[in-house]
Amino acid sequence: MGIVVGQFPILLELWLKDGVTQKDLLGKIDVEQATLANTLNRMERDGLIKRTKNPADARAQLIWLTERARALREGAYESAQKVNTEALQVLNESERTQFINSMRLVINSMRSD
């Protein structure tokens, strides 16, 4: 689909709401500032995002999805769901629920440190 793994969390956030600053995105995904900046540069180069000046803050830019990125949304969600289903097929429903709950606990614990 033309999306690399590191771009997917950014796209997920922008599909919910675009026209945000890099600082806003940084607060929503767990990556380093430099990693986010490099990924956004690549996404802009690949035609997935565009940046405009922030009228409220001359030092910041707003990040917007392009039509190309908007068009990828449904297929990307479907692909992610398919991968998740395949990865979890070795677990029964109870084990899946326990696994997902455990992952949420670990992630939330890591975010609070």
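Rings of Phe, Tyr and Trp (its six-membered ring) pair if their centres lie within 6.5 Å, and a pair counts as stacked with planes under 30 degrees apart, as edge-to-face over 60, and as tilted for the rest. A search of the whole structure finds two aromatic pairs by that rule, and the tour comes to them after a view of the whole chain.

What you have open is a predicted model, in which local features need pLDDT of at least 70 and side-chain atom pairs count only at pLDDT 80 or more, while totals for chains, interfaces and linings use all residues. Residues are numbered from 1 along each chain as its sequence is written, and side-chain values use heavy atoms, with hydrogens and water left out.

**The whole chain**

Begin with the chain in a cartoon view, where five helices and three strands make up the secondary structure; helices (H or I, at least four residues) and strands (E, at least two) are DSSP runs, numbered from the N terminus. Followed from the N terminus, the elements come in the order α-β-α-α-β-β-α-α. The C-alpha trace spans about 50 × 35 × 20 Å along its principal axes. If you colour the 113 residues by accessibility, 26% count as buried, where buried means under 20% relative accessible area, exposed over 50%, and partly exposed in between (1.4 Å probe, protein chains only).

**The aromatic residues**

Next, select Phe 8 and Trp 15, whose ring centres are 6.2 Å apart with planes at 75°, so the pair is edge-to-face. Phe 8 is partly exposed, with a relative accessible area of 21%, whereas Trp 15 counts as buried at 7%. Now add Tyr 77 to the selection: with Trp 15 it forms a tilted pair, 5.5 Å centre to centre and with 45° between the planes. This pair links distant parts of the chain, for Trp 15 belongs to helix 1 (residues 8–16) and Tyr 77 to helix 4 (residues 67–88), 62 residues apart. Tyr 77 is partly exposed, at 32% relative accessibility, and with Phe 8 and Trp 15 it makes up one aromatic cluster.

**A glycine in helix 4**

Staying in helix 4, pick out Gly 75, which is partly exposed at 23% relative accessibility. A distance drawn from its C-alpha to that of Lys 17 gives 18 Å in space, for two residues that are 58 apart in sequence.

**The salt bridges**

Then turn to the charged side chains, among which six salt bridges are counted, a salt bridge being a side-chain nitrogen of Lys or Arg within 4 Å of a carboxyl oxygen of Asp or Glu. Select Arg 70 and Asp 18, whose side chains meet in one of these at 3.0 Å, N to O. Because Arg 70 lies in helix 4 and Asp 18 in the loop between helix 1 and strand 1 (20–21), the pair ties together parts that are 52 residues apart in sequence. Arg 70 is partly exposed at 37% relative accessibility, and Asp 18 is buried at 18%.

Which residue joins Arg 70 in another salt bridge, with the closest N and O atoms 3.2 Å apart? Select Glu 67, the partner in that bridge, which is exposed at 58% relative accessibility and is separated from Arg 70 by about one helical turn, being three residues apart from it in helix 4. Through shared partners, the salt bridges join Asp 18, Glu 67 and Arg 70 into one network.

For a last stop, select Arg 59 and Asp 57, whose side chains meet in a salt bridge at 3.2 Å, N to O. Here Arg 59 is exposed, with a relative accessible area of 78%, while Asp 57 is partly exposed at 25%.
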